[in-house]
Amino acid sequence: MFDFLEGYDLLGAFWVTVKLAVYSGLGSLIWGTLLAGMRVSPVPLMRGFGTAYVNVVRNIPLTIIIVFTSLGLFQTLGVSLGAEDFKDVNFRLAVLGLTLYTAAFVCEALRSGINTVPVGQAEAARALGLSFTQVLRLVILPQAFRSVVNPLANVLIALTKNTTVAAAIGVVEAANLMKTMIEAEAQLLLISAVFAFGFICLTLPTGLILGWVSKKVAVKR
Amino acid sequence: MTSVLYDAQGPRAKQRNILYTVLFLVVLAAVVWWVYDSLNAKHQLDWIKWEPFFSSSQPWETYLWPGLQETLKAASLALVIALPLGALFGIGRLSDHRWVRIPSGAVVEFFRAIPVLILMITANAAYSEYTDISSEMRPLYAVVTGLVLYNASVLAEIVRAGILSLPRGQTDAAKAIGMRKGQTMRHVLLPQSVTAMLPAIVSQIVVIVKDTALGGAVLTFSELLASVRPMSANYGANTIACFTVIAVIYIALNFTLTSFASWLEGRLRRGKKSTGAVLGPGTVEAAGGTAPISVSGDFKSGAGGGGI
C-alpha cells in the first residue's frame with residue numbers, strides 16, 4: 001500500500017522542515033526579545049521603532065517576505081548569506097525570512113507577558129527600595145516568563161506550519177516534496193494523508209507538552 | 001510615564017535616555033545607509049524604475065488592480081463560506097451529544113494542525129483529477145478550498161470561545177423561563193456572542209487576506225504577489241520597486257482591518273449594553289492550550305497555533 005513512498009526521501013524532507021523551524025525559532029526568539037525590549041523601553045525612539053516594525057511585518061504576508069528574500073535579496077541584490085551552493089542559499093534565505101516575520105509575533109507575545117504583571121507588584125517592589133534590576137529580576141520577569149509559555153508555544157506551532165511557505169522558493173521541505181510526489185504518483189489522497197499525518201506528529205505533541213508546561217508554571221492570581 | 005517596568009524619570013534617567021537615543025540613532029542610520037548603498041549599487045533606486053507607478057496608470061490597470069481584485073475575491077469567498085461552516089462546527093463542539101461533539105472536535109483539530117499550503121496543494125490536485133473545472137479557474141477553487149478548510153476550523157474555535165465567554169447566568173435565565181436548548185442558542189447565546197467575537201473575526205480576516213498570497217507563489221493563482229514577475233519584466237527589472245508597492249498595498253489593507261478590530265474591541269469593552277464578554281484578537285490562540293475558559297469538549301489539545 002505504501003510502496004509509492006520508495007524513491008522519495010520523506011524523512012529527509014521532514015528533517016528540513018524541523019531544521020527550518022528550529023533555526024528560525026531560535027533566531028526569532030533572539031530578535032523578538034530585542035524587539036520586545038525596545039517596545040517596553042523608556043526611550044521613545046526605540047519604542048517607535050519597535051511598534052513600527054511589528055505593525056509593518058505583521059501586516060505583510062509571510063509569502064511575500066519569503067519570495068522577496070529570493071527574488072529581491074538574492075537575485076537582485078546578490079545577498080547570499082555566505083552560502084556557495086544554490087540549495088544552501090535558499091535554505092538560509094528561508095530561515096532569514098521566517099525569522100524576520102516570526103520575531104514580530106514573539107515580540108508581541110513577550111510584551112503581553114510583561115503586561116500581565118499588575119502594576120501594583122512593581123510599585124510595591126519599588127516602595128521596598130529595590131533597584132530597577134532587582135525589580136526586573138526578582139518580581140517582574142519570573143511572573144512574565146510563566147505567562148508567556150502558552151503564547152510562545154502557539155507561535156512555535158504556527159512557525160512549524162509556516163515553514164511550508166519555504167516551498168515557494170524551492171527549499172526541499174515537506175510541502176515541496178509533497179507537490180513533487182503528487183505530480184509523479186497517482187496516489188493523491190494517500191500522499192496527502194501521509195504528509196498531514198507528518199505535520200500532526202510535529203504540531204500536536206508540541207501543543208500538548210507546552211500546554212501542560214504552561215499550566216504547571218501558570219501564576220495563580 | 002509610569003509602567004510596570006519603570007517609574008516617572010528623574011534627571012539622571014533622562015540624561016541616560018538621551019544617550020541611548022543617540023546610540024540607537026547611530027545604529028539605525030548605519031543600517032539605513034547600508035540598505036541605501038546596496039540598493040544604489042544595483043541601480044534599484046533609479047527614478048526610471050519607480051516612475052511607472054507614479055506617472056502612468058498602466059501598471060495599476062494592467063497588473064496591480066486585477067491582482068488585488070483576485071486577492072479580495074478569494075479572501076471574501078473564503079470568509080463567506082468559512083463563517084457558517086465555522087459556526088456549525090463551533091456549536092457542534094458544544095453539543096450535549098457525544099456523537100456530535102467528538103466528530104466536530106476531531107475535524108476542527110485536524111484542519112487546525114495542518115499547514116494551509118498542504119490543504120491548497122491537495123485541493124488543487126484533487127480538482128484536476130476528480131472534476132472538470134477549467135485549468136484557469138482551478139487555482140482560485142484550490143486557494144478558496146484550502147482557506148475555507150483551515151479558517152472554518154479557526155472560526156469554529158472563535159465561535160465556541162465566544163459562546164463560552166458569556167456569563168453562565170444567561171443560560172440559566174433562559175432555562176428558567178422554559179426555553180429549549182435550541183431556543184437558548186438561537187435567541188440568547190448566539191446574538192450576544194456575535195458581538196463578543198466580532199474583533200476576533202475581523203483579525204482573522206487579516207490572516208485570510210495574507211494567506212491568499214500562497215496561491216500566487218505556489219499555485220499560479222494570479223493575485224497581487226503573482227503580478228511581481230510580469231511587472232518587473234515589463235518595467236526594466238524593478239523588482240525592489242514592485243515589492244515595495246505590493247507590500248504597501250497589503251500593509252494599508254491589513255492595517256486598516258487590524259485597527260478596526262482593536263477599535264471595535266475597545267468600543268465593545270466600554271459598551272454598557274453588552275454582558276461585558278469580548279473576544280480580543282489574540283484570545284482564541286490561547287483557547288486551545290491552557291483554556292482560560294473551561295471547555296466541556298473532549299479535545300483540549302490544541303495544535304492550532306493561532307492566527308499567524
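**Reading a predicted two-chain helical model**

Me: Which residue takes a positive phi just after helix 8 of chain B?

Reply: Just after helix 8 of chain B, B:T220 takes a positive phi of about 50°. Helices (H or I, at least four residues) and strands (E, at least two) are DSSP runs, numbered from the N terminus. This is a predicted model, in which local features need pLDDT of at least 70, side-chain atom pairs count only at pLDDT 80 or more, and totals for chains, interfaces and linings use all residues. Residues are numbered from 1 along each chain as its sequence is written, chains are lettered from A and ligands numbered from 1 in the order in which they are written, and side-chain values use heavy atoms, with hydrogens and water left out.

Me: Where does a kink lie in helix 8 of chain B?

Reply: The bend at a residue is the angle between axes fitted to the seven residues ending there and the seven starting there. In helix 8 of chain B, a kink of about 50° lies at B:M197, shortly before the proline B:P199. The expected span of a helix is 1.5 Å times one less than its number of residues. For the 38 residues of this helix (181-218), a straight form would span 56 Å, yet the end C-alpha atoms are only 46 Å apart.

Me: How many helices and strands does chain A have?

Reply: Chain A has eight helices and zero strands.

Me: How is the size of an interface often given?

Reply: It is often given as the accessible area lost when the parts come together. Buried area is taken with a 1.4 Å probe and summed over both parts. Chain A and chain B bury about 5,500 Å² between them, 74% of it on carbon and sulfur atoms. Helix 8 of chain A gives the most to the side of chain A that touches chain B, with 14 residues. Contact means heavy atoms within 4.5 Å, and 63 residues from each of chain A and chain B take part.

Me: How many salt bridges are counted between chain A and chain B?

Reply: A salt bridge is a side-chain nitrogen of Lys or Arg within 4 Å of a carboxyl oxygen of Asp or Glu. Between chain A and chain B the count is zero, while the whole structure holds eight over all chains. One salt bridge joins A:E108 and A:R111 (3.3 Å, N to O). These residues are separated by about one helical turn, because they stand three residues apart in helix 4 of chain A.

How values were computed:
Buried area is the accessible area (1.4 Å probe) that two parts lose on being put together, summed over both.
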